[in-house]
Amino acid sequence: MTTSSTCTLIKNVYSTILLIFSIVIITGLIFTEQTKLSKDVHPALAFFVLWGLVLWLGMVEGGQASLVGLAPIDFELYKDSHPIAYISTKVCHVGDNLDRYLMGRQFMVVFIAFCINMAGNPVGSAELWGLPKWIIEFFLARFAMILFTCMVGQLATQVNASHCMLDYINSYFAVFTFYTALAIEFSGLMHISYFIQKVVGWAAGKPIQSNEPPKSARQAAFFWFRVVLSAAVLGFSLAVTLEGLFTGNTKMWEGVSNTVAVILFFLLMSVVGLLEAMQITFFAVAKLKKSERGNAPFAMKTCEILFRGDGHNLPGFMIGRQLCV
């Protein structure tokens with residue numbers, strides 16, 4: 001056995017042990033009524049909500065990898081071999097529907113993760129089976145839900161989908177998830193993002209080009225109405241968040257000043273935005289030929305690292321990115 005394979009085996013073993021331990025203690029918290037949903041409603045409901053949403057999150061994350069990666073591929077090529085996947089892609093890869101899907105999908109991820117935390121995250125000063133204090137404070141209160149959600153609901157699905165894009169979305173569950181994302185985007189809650197996209201494109205000297213015909217007067221009015229509505233929602237949400245940060249009513253670590261907390265908030269938001277954009281970009285170029293990736297120096301260097309070797313660097317980035325997010 002080579003040094004590399006031995007190292008991989010060790011990482012696989014201790015990662016599996018951590019995941020099993022996380023699942024066990026999260027389940028223990030639920031059935032001892034030490035999570036919000038199990039305490040306020042019932043442990044059984046919290047248990048099934050937790051697993052149901054984690055599985056749905058897996059489809060949301062894997063579906064993104066598949067639909068973005070398949071964008072350059074003519075969907076008529078797999079119409080007969082993957083007919084259910086074709087139901088989604090024939091809509092997603094027409095006009096600006098991929099952008100609409102990504103918009104709705106992002107809200108789904110945040111909302112599902114919020115509900116998962118309600119079902120499995122410990123409340124108050126949780127104690128379980130006489131575990132040592134350091135395990136309670138570090139692993140139980142912070143780390144277990146991160147590992148569980150990332151490993152089960154995000155990382156495994158993204159890695160599998162990056163290699164098996166068509167197979168992953170060849171189910172009616174994937175079709176349901178796709179149309180749910182489109183419905184969320186249609187609501188207009190996040191339409192301010194389109195305005196920000198246009199402003200950034202204009203500032204960069206590269207106006208955003210739509211893949212659809214110009215909007216009619218009625219369509220344009222409905223679009224800008226949703227942009228204004230979204231801006232109002234964003235403004236209110238930002239005001240509430242900043243009020244909490246400046247008054248110290250957040251879960252920021254003790255000893256960190258309110259001003260530093262605000263700076264960290266915007267800094268970390270920027271990092272998350274960068275990582276999300278990199279993920280979409282990497283999935284999009286995964287199916288492009290090397291000659292089609294452009295000639296920007298840093299982009300070429302990034303692609304060289306990303307697609308080097310036996311194809312493990314892209315899934316590796318997904319794993320590291322997800323834990324950071």
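**Cysteines, rings and the helical fold**

Cys 164 comes out as partly exposed, with a relative accessible area of 37%. Like everything that follows, that value comes from a predicted model. Cys 115, on the other hand, counts as buried, because its relative accessibility is 17% and the cut-off for buried is under 20%. As for cross-links, the structure holds zero disulfides, a disulfide being a pair of cysteine sulfur atoms within 2.5 Å.

On the overall fold, the story is helices from end to end. The protein has 13 helices and zero strands, and reading from the N terminus the elements simply go α-α-α-α-α-α-α-α-α-α-α-α-α. Of the 325 residues in the protein, 36% are buried. The protein exposes about 18900 Å², and carbon and sulfur atoms supply 69% of that area. Turning to contacts, take those in the protein with a separation of 6 or more: residues 24 or more positions apart account for 77% of them.

Then there are the aromatic rings. Searching the whole structure turns up 13 aromatic pairs. One of them joins Phe 31 and Phe 47, whose ring centres sit 5.6 Å apart with 45° between the planes, which makes the pair tilted. Phe 31 belongs to helix H1 (residues 3-31) and Phe 47 to helix H3 (residues 43-69), so this pair ties together parts that are 16 residues apart in sequence. What about cover for these two rings? Phe 31 counts as partly exposed, at 46% relative accessibility. Phe 47 is partly exposed too, with a relative accessible area of 23%; it misses the buried class because that class needs a value under 20%.

Further along the chain, ring pairs link Tyr 194, Phe 195, Phe 223 and Trp 224 into a cluster. Phe 223 also has a charged neighbour: Lys 215 lies over the face of the Phe 223 ring, 4.8 Å from its centre. So Phe 223 turns up both in the ring cluster and under a lysine, given that a charge sits over a ring if NZ of Lys is within 6 Å of the ring centre and within 35 degrees of the ring normal. An arginine does something along those lines elsewhere: Arg 226 lies over the face of Phe 186, at 5.3 Å from the ring centre.

Methods: Residues are numbered from 1 along each chain as its sequence is written. This is a predicted model: local features need pLDDT of at least 70, side-chain atom pairs count only at pLDDT 80 or more; totals for chains, interfaces and linings use all residues. Side-chain values use heavy atoms; hydrogens and water are left out. Rings of Phe, Tyr and Trp (its six-membered ring) pair if their centres lie within 6.5 Å; planes under 30 degrees apart count as stacked, over 60 as edge-to-face and the rest as tilted. Helices (H or I, at least four residues) and strands (E, at least two) are DSSP runs, numbered from the N terminus. Buried means under 20% relative accessible area, exposed over 50%, partly exposed in between (1.4 Å probe, protein chains only). Contact means heavy atoms within 4.5 Å. Accessible areas come from the Shrake-Rupley method with a 1.4 Å probe; for residues, only the protein chains shown count as cover.
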